[in-house]
Amino acid sequence: MPAQPALKDKHLVVGLSGGVACYKSAELVRELTRAGATVQVVMTEAATQFITPVTMQALSGRTVALSQWDSSQPNNMAHINLSRDADAIVVAPASADFIAKLAQGRADELLSLLCLARPSLTCPLLVAPAMNREMWAHPATQRNVAQVRADGATVLGPAAGDQACGEVGDGRMLEATELCDELIAFFQPKRLAGRTVLVTAGPTFEAIDPVRGITNHSSGKMGFAIARAAAEAGAKVTLVAGPVHLPTPRGVQRIDVQSAQQMLDVVLPLAGLHEVFVATAAVADWRPASITEHKIKKDGSGRPPALALVENPDILATVARLPEDQRPWCVGFAAESHDVVQHARAKLLRKGVPLIVGNIGPATFGRDDNTLVLVDAAGEQELPPGDKLDLARLLVAEIERRMSSLTLRSPEA
Ligand code: CTP
């Protein structure tokens, strides 16, 4: 099942000021429209030196606005008309000069005029700086960026890396997909603002010898989606990941581990520092009793080597049994092949956690969609089947709902 278009019903003004990064803005408009948004492009004269309005019109499906003297507007007030039905203005790229204009409240061409004239309560401003590293580091630019932030704008990036001028450093505009993700996150309700969330994800790998090991089919997608959804909801998120090939969600702090023991060693000291613990990792239940230093060779007898296994520690159960003042609110997952609810309820009791999320492991491993059933003391609740990120956002809302009812019940509240 494809993901819900995360920017459905959003209308965005994408403003381009002059910079080589204008080439990324073409892709940005595509990403935003793919995510369901409608996009009105506005370009400064300098931007038209880097990319043509024809390209941007073709990609956005709308005539690009270029001048405040546009007589095709019945009231001749493009700067008012364009921002009144916009859900946000995104200036990408925002050049050093354009940021200076914003900081000073200047309005001598359409884009800066539009930013100044926007209704700031209903039409937030986001800027994605793009410039040479010396220009970015210059105290004047830093002063202007601080001012623009203080005036309520959200600054996206910049990133560090190779620059068009051949230098390397801070000042690159974020990539189109990163900017689109930032915008999607921007519009998500900040249900977990100020909260801290710890997530485990992926499989573990239990080494037999230097070249072999025991692992499983978990892709880590569900856990990474939960980490992303929690970060989008405003939480500070730490993600402890087994061996997976997935990019780290923006704004999430990631720690990579291999084995169950390593995962436990990382999780335990962090548990007391987080309010919520979501254990999605498919932790290997057993590991070889010992790891041989060298690769195990066939001995010619035709008999496989004896492989003694020992049980791994249960990370979730260990965290759930921490003293109350060090124990986060714990959510476990139950990956089952059958009788999901029954097994999930047994795990709820066995592990001593307030919520277990059941799913059919073999049906979901590696896929982008899933079916989840929430099992807690009050009963069962099935979430509508869907994309893992959509489900992760629903789960975050459910976690927040349960946690706020806890806060309401506390005597201090
Ligand atoms: N879990 C864990 N540490 C383990 C095993 C499981 O933290 N050593 C966590 C998982 O991250 C998940 C929950 O416990 O949140 C249930 O995991 P699952 O593999 O479904 O169950 P098991 O406890 O391993 O039980 P069984 O293999 O018998 O189904």
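Reader: Happy to dig in! Is Ala 320 buried or exposed?

Author: Let's start with the cut-off: a residue counts as buried when its relative accessible area is under 20%. This is a predicted model, and in it Ala 320 has 8% relative accessibility. Because that value falls under the cut-off, Ala 320 is buried.

Reader: Which helix holds Ala 320, and which residues is Ala 320 in contact with, leaving aside neighbours within four places in sequence?

Author: Ala 320 belongs to residues 315–320, which form helix α11. Once neighbours within four places are set aside, the contacts of Ala 320 are Arg 327, Cys 330, Lys 351, Gly 352 and Val 353.

Reader: How far apart in space are Ala 320 and Leu 113?

Author: Along the sequence, 207 residues separate the two. Leu 113 is one of the buried residues of α5, and Ala 320 counts as buried too. From C-alpha to C-alpha, the distance between Ala 320 and Leu 113 is 55 Å.

Reader: Why is helix α5 described as largely enclosed by the rest of the structure?

Author: Helix α5 spans residues 110–117, and its buried residues are Leu 110, Leu 111, Ser 112, Leu 113, Leu 114 and Cys 115. The cover over them includes strands β1, β2, β3 and β4 along with helices α3 and α4. The helix is largely enclosed because the buried residues number six of the eight.

Reader: Which atom does a side-chain oxygen of Glu 109 reach at the start of α5?

Author: The oxygen comes to within 2.9 Å of its partner. A polar contact needs N or O atoms within 3.5 Å. The partner here is the backbone nitrogen of Leu 111.

Reader: What is the relative orientation of α1 and α2?

Author: Two packed helices are described by the angle and the distance between their axes. For α1 (residues 22–34) and α2 (residues 53–60), the axes come within 9 Å and cross at roughly 10 degrees. Angles under 35 degrees count as roughly parallel, so α1 and α2 are roughly parallel.

Reader: Which residues meet where α1 contacts α2, and how do they divide by type?

Author: From α1 come Ser 25, Ala 26, Val 29, Arg 30 and Thr 33, and from α2 come Met 56, Leu 59 and Ser 60. By type, the residues of this contact are four nonpolar, three polar and one charged.

Reader: Stepping back, what percentage of the residues in the protein is buried?

Author: The protein has 14 helices and 21 strands, and its exposed area is about 20,000 Å², with carbon and sulfur atoms supplying 54%. Of its 413 residues, the buried share is 49%.

Terms used. Residues are numbered from 1 along each chain as its sequence is written. This is a predicted model: local features need pLDDT of at least 70, side-chain atom pairs count only at pLDDT 80 or more; totals for chains, interfaces and linings use all residues. Side-chain values use heavy atoms; hydrogens and water are left out. Axes are lines fitted to C-alpha atoms, for helices over the stretch in contact, and angles run from 0 to 180 degrees between N-to-C directions. Helices (H or I, at least four residues) and strands (E, at least two) are DSSP runs, numbered from the N terminus. Angles under 35 degrees count as roughly parallel, over 145 as roughly antiparallel, 65 to 115 as roughly perpendicular and the rest as oblique. Contact means heavy atoms within 4.5 Å. Ala, Val, Leu, Ile, Met, Phe, Trp, Tyr, Cys and Pro count as nonpolar, Asp, Glu, Lys and Arg as charged, and the others, Gly among them, as polar. Buried means under 20% relative accessible area, exposed over 50%, partly exposed in between (1.4 Å probe, protein chains only). Accessible areas come from the Shrake-Rupley method with a 1.4 Å probe; for residues, only the protein chains shown count as cover. A polar contact is a pair of N or O atoms within 3.5 Å; within protein, one must be able to donate a hydrogen and the other to accept it, and residues adjacent in sequence count only if both atoms are side-chain atoms.
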